[in-house]
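Subject: A structure for you to look at

Dear colleague,

I am handing over the structure we spoke about, with the sequence beside it. Please open both before you read on, and keep the model in view while you go through the notes below.

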Amino acid sequence: MAKRGSSRRTSASGSRKSGGGTRRKAAPKTKAVRNSSSGSTGLVTRGGKRVYNPAAYAATGAPTYNRYGKRIKHAEEYARAVQRNSATSTARKVHAKCKAAAYTYEEIMPNGLKYVGMSRHIERRVDQHHTGRGARVTQEVAPIRVANITPHRSLAAAKRAETQRYLGEARRLGTDRVRGAGNTARFSLK
């Protein structure tokens, strides 16, 4: 039997267990939920084929329709609204699923350009990017969709992840094609 005042206790089976204090529970792990919004414009031709470039298609003079068959007069505005709603909806779903302290994300832009960001309020930040009120870079080049929204347990972890993601994308695509994580220079619009 253990002495009185000892920090060890004997169980019914006779084996000793350490005890006395309360154990801290490990912090819950955040799941890596990676979603991507649709890059779809929501527009189709009369024959039902998708329209990928509304500006070029509108220049031909051919009419555009939504997927329900309603004719759309202002195709570019409609496409921007569909993309904005898709991106905001994706951010809302990730936030509802995770409720993390902060998030990192990528905004995919035309011509293979990317913006890497971090935010505590992902839904609001994605909406800002897609309505022209976000980062200076996304104000100049409108994003098409949001991708790879990843939750993090703390703001510090999100900042580290943003920097790492930016450096990885800069190595892969080149520093002239990626912005974010402190790099706010304009894209060279050639």
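I will start with the surroundings of one helix: the buried residues of α3 are covered by parts of the structure that include α2, β6, β7, α4 (136-140) and β8. Please keep in mind throughout that this is a predicted model. The residues of helix α3 (residues 122-130) that count as buried are I122, V126, Q128, H129 and H130. After α3 comes G132, and the phi of G132 is positive, near 85°.

Two of the strands that cover α3 also pair with each other: β6 and β8 run in the antiparallel sense, with six bridges between them. Within this pairing, T104 stands opposite T150 in β8. Is strand β8 largely enclosed or not enclosed by the rest of the structure? Six of the eight residues of β8 (residues 145-152) are buried, so the strand is largely enclosed by the rest of the structure. As background, the strands of a sheet pair through backbone hydrogen bonds, and they may do so in a parallel or an antiparallel way.

Next, please look at the aromatic rings, where the structure holds one aromatic pair. The pair is formed by Y105 and Y115, whose rings are tilted, with 6.5 Å from centre to centre and 45° between the planes. Y105 belongs to strand β6 (residues 102-108) and Y115 to strand β7 (residues 114-119), so the pair ties together parts that are ten residues apart in sequence. Y105 counts as buried because its relative accessibility is 0%, and Y115 also counts as buried, at 10% relative accessibility.

The loop between β6 and β7 holds N111, which is worth a separate look. The phi of N111 is near 65°, a positive value in a residue other than glycine. For background, most residues other than glycine have a negative phi. Is N111 buried or exposed? With a relative accessibility of 66%, N111 counts as exposed. A181, found in the segment after β9 (178-180), is not a glycine either, and yet A181 has a positive phi of about 55°. A181 is partly exposed, because its relative accessible area is 29%, and the range for that class lies between 20% and 50%.

Another part to find in the viewer is an open sheet of three strands, which has the order β3-β4-β5 and antiparallel pairing. Its edge strands are β3 (43-44) and β5 (71-72), each of which pairs on one side only. Between β3 and strand β4 (residues 64-66) the antiparallel pairing has two bridges, and V44 stands opposite Y65 in β4. T64 also lies in strand β4, and T64 counts as buried because its relative accessibility is 4%. Leaving aside residues up to four places away in sequence, T64 touches L43, V44, V51, Y57, K70, R71, I72 and A75.

Finally, please turn to the largest pocket, which has a volume of about 380 Å³. Of the 16 residues that line the largest pocket, P54, E76, A79, R80 and Q83 are the closest to its centre. The elements that give two or more residues to this lining are α1 (54-59) and α2 (75-98), and α2 gives the most, with five residues. Which classes of residue make up the lining of the largest pocket? By class, the lining has eight nonpolar, five polar and three charged residues.

One of the residues closest to the centre of the pocket is E76, which lies in helix α2. E76 counts as partly exposed because its relative accessibility is 40%. When residues up to four places away in sequence are not counted, E76 touches P54 and A55. The C-alpha atoms of E76 and A55 are separated by 6.2 Å, although these residues are 21 residues apart along the chain.

If you would like a place to begin, please find Y105 and Y115, the pair that joins β6 and β7, and then go on to E76 in helix α2.

With best wishes

How values were computed. Residues are numbered from 1 along each chain as its sequence is written. This is a predicted model: local features need pLDDT of at least 70, side-chain atom pairs count only at pLDDT 80 or more; totals for chains, interfaces and linings use all residues. Side-chain values use heavy atoms; hydrogens and water are left out. Two strands pair if DSSP finds at least two bridges between them. Helices (H or I, at least four residues) and strands (E, at least two) are DSSP runs, numbered from the N terminus. On a 1 Å grid over the protein atoms alone, a cavity is a set of points where a 1.4 Å probe fits but cannot get out, and a pocket is an open set with protein on both sides within 12 Å along at least five of seven lines; lining residues have an atom within 4 Å of a point. Grid points are joined across faces, edges and corners, and a volume is the space filled by probe spheres set on the points. Ala, Val, Leu, Ile, Met, Phe, Trp, Tyr, Cys and Pro count as nonpolar, Asp, Glu, Lys and Arg as charged, and the others, Gly among them, as polar. Rings of Phe, Tyr and Trp (its six-membered ring) pair if their centres lie within 6.5 Å; planes under 30 degrees apart count as stacked, over 60 as edge-to-face and the rest as tilted. Buried means under 20% relative accessible area, exposed over 50%, partly exposed in between (1.4 Å probe, protein chains only). Contact means heavy atoms within 4.5 Å.
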